[in-house]
Amino acid sequence: MSSSLFRRLVAAAIALLVVTLVSLNYALAPVDPDIRALVLEITVAAALAAAAVALLVSRTLTARVRRLKRAAEGLLGPEAQPGVLTDPGDDLGSLERSLAGVSQELRGLVSNLRFESARREAILSGMAEGVLAVDPDLKVTFCNQALLHATGFRGRYEGVGLLQVVRDPALYELIRSVRASGEPGKLRFHLFANVPRTFEAQATPLAMPAGRGVIAIFHDITDLERLEQVRKDFVANVSHELRTPLAGIIGYSDTLLDGALDDTENRRKFVEIIRANAVRLGSIAADLLVLSELESGADQETETVSVRGVLEDGLLTVEGEARDRGVRLIREDMQDLYVAGSRLRLEQAFLNLLANAIKFNRPDGEVRVRVTLNDDARVAIMVADTGVGIPSQDLPRIFERFYRVDKARSRQVGGTGLGLSIVRHVIERMNGTVTVESQVGKGTTFQVLLPAVTKP
Ligand code: ADP
């Protein structure tokens, strides 16, 4: 209870006592003075006793009201405690009780809200996508780690202008128009902060106490865009590769139909060209099929494969061609080692390496093969030739699909440009690696490393 109220109560009690005494004195005038004095004394004593009781009660009340006030003031504070109930029966007690209940509910609500907001913040901060929120003045209110990293922005972002964080006028324009129209919008744009990357931003209006803000999610689509490009290039390359033999087939068929069928001297040659082109189409189709199977993961069963056995089979297959081209096949150290994978695929990979080593060799050249065990329990397979070699600027690209150093020569020797790409796929699917070293005019060495397994 406030002291001014207390003072007013005391003043009122004194005034009441004085009025009572004066009235009594006046009313008891005709009574015996002794009796009158006794009545007045009793009245004063009763008034003093009542004042003492009132003082005591008011002190207790004051203390309880103060406690209630403190409890109400600290209702949302972290250390808010429910009031201690002194007299649950009276009105103040029920007020204390309901305040304690409200306080408990409020604390539950606040802690739920805190948890929820911390959870949201953690989700937004940890998202791989960038997240940015701006207020109605286009000042940044939130920006997660992914976006800060992509933009290269450092320091406090709260309250900073949008353009300072993401320096892209088109994005600024998008967010400004979403804020103005209330309609969501999308944009693809590039950021050159750390490494150049492409983003797709999706901006949505965000209701805020101060008006309409905007929240934007940024998807990093750099890899997707690159894949899209690879796919487009691949389709273009396939069409291009198919067009050449198809043009040959159509051209020579027309020539035959236009009268060359009667040209006894040349007609056989024309049919042979048509056949060669058809074979070429078949090779491209077969290689594309293998590649697509490898990429889709639809693979042959895994088995324990003898590397020496597979290489011997491969050498046997290319022996005739090597002889025709005057290339010697030399078996160096051929250890009996095993790897886990598809025998058919491995055979294909080694066959491609051996065929290249013969195709791109010189007359009287050599192809050396070796199977050894490395210190780190990996089988090392070497296929080395004494051929034309590969210029150093082409080396990083020869495993790409359809990449050929010398297109004319590759076509002439029946290459599809897909052989090494298949090799790399097969070896990588077996957890191995394939590397190449080459010197123009001297020769090329391919080395395949595969994890060794024990002999079955
Ligand atoms: P291709 O069907 O043309 O042989 P590959 O994918 O097998 O296709 O090889 C790609 C290109 O790499 C070849 O066209 C050739 O230019 C080069 N190349 C591959 N192996 C050798 C090698 N042993 N010696 C020289 N060049 C090679």
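Two strands count as paired when DSSP finds at least two bridges between them, and I start there because the hairpins I want to show you rest on that definition. Please keep in mind throughout that what we have in front of us is a predicted model.

With that in hand, look at β3 and β4, which form a hairpin with 5 residues between them. These two strands pair in the antiparallel sense over 7 bridges, and if you would like one pair to find on the screen, Gly185 stands opposite Ala203 in β4. On from there, strand β4, residues 197-208, also pairs with strand β5, residues 211-220, again in the antiparallel sense and over 10 bridges; here Gln202 has Ile217 of β5 as its bridge partner.

Which order do the strands take in the open sheet that they build? The sheet has 5 strands, in the order β2-β1-β5-β4-β3, with antiparallel pairing. At its edges lie β2, residues 140-143, and β3, residues 185-191, each of which pairs on one side only, and from one strand to the next the twist averages 25 degrees.

Let me turn to the helices. Two packed helices are described by the angle between their axes and the distance between the axes. Helix α7, residues 222-257, packs with α8 at an angle of about 160 degrees, the axes being 9 Å apart, and because an angle over 145 degrees counts as roughly antiparallel, α7 and α8 are roughly antiparallel to each other. Their crossing is left-handed. On the α7 side the contact includes Val238, Leu242, Leu246, Ile249 and Tyr252, and these belong to a set that meets residues of α8 including Phe270, Ile273, Ile274, Leu281 and Ile284. Taken by class, this contact has 14 nonpolar, 4 polar and 3 charged residues.

Helix α8, residues 267-296, has a second partner in α12, for the two axes come within 10 Å and cross at roughly 25 degrees. That makes α8 roughly parallel to α12, since the cut-off for roughly parallel is an angle under 35 degrees. This crossing, too, is left-handed, and the contact is made by Asp287, Val290, Leu291 and Leu294 of α8 together with Ser421, Ile422, His425, Val426 and Arg429 of α12. By class, that gives 5 nonpolar, 2 polar and 2 charged residues.

Helix α12 also brings us to the ligand. Which helices each supply at least two residues of the shell around the ligand? They are α10, residues 343-359, and α12, residues 419-429. In total, 22 residues surround the ligand, and the closest are Arg404, Val405, Ser410, Gly415 and Gly419. The shell comprises 9 nonpolar, 10 polar and 3 charged residues.

Finally, a word on strand β12, residues 443-453, which pairs antiparallel with strand β8, residues 338-341, over 2 bridges, with Tyr338 opposite Val453. Strand β10, residues 378-385, runs antiparallel to β12 and is joined to it by 7 bridges, and there Ala380 stands opposite Leu449. Strand β11, residues 433-439, likewise pairs with β12 in the antiparallel sense over 7 bridges, and Leu449 in β12 is the bridge partner of Thr433. To end where I began, with a hairpin: β11 and β12 form one with 3 residues between them, and Gly441 in the turn has a positive phi of about 85 degrees.

Conventions:
Residues numbered from 1 in each chain as written. Predicted model: local features only at pLDDT ≥ 70, side-chain atom pairs only at ≥ 80, totals over all residues. Near = placed C-beta within 6 Å. Helix = DSSP H or I, 4+ residues; strand = E, 2+ residues; numbered from the N terminus. Nonpolar A, V, L, I, M, F, W, Y, C, P; charged D, E, K, R; others polar. Axes fitted to C-alpha atoms, helices over the stretch in contact; angles between N-to-C directions. Parallel < 35°, antiparallel > 145°, perpendicular 65-115°, else oblique. Left-handed = near helix turned anticlockwise from the far one by under 90°. Contact = placed C-beta atoms within 7 Å.
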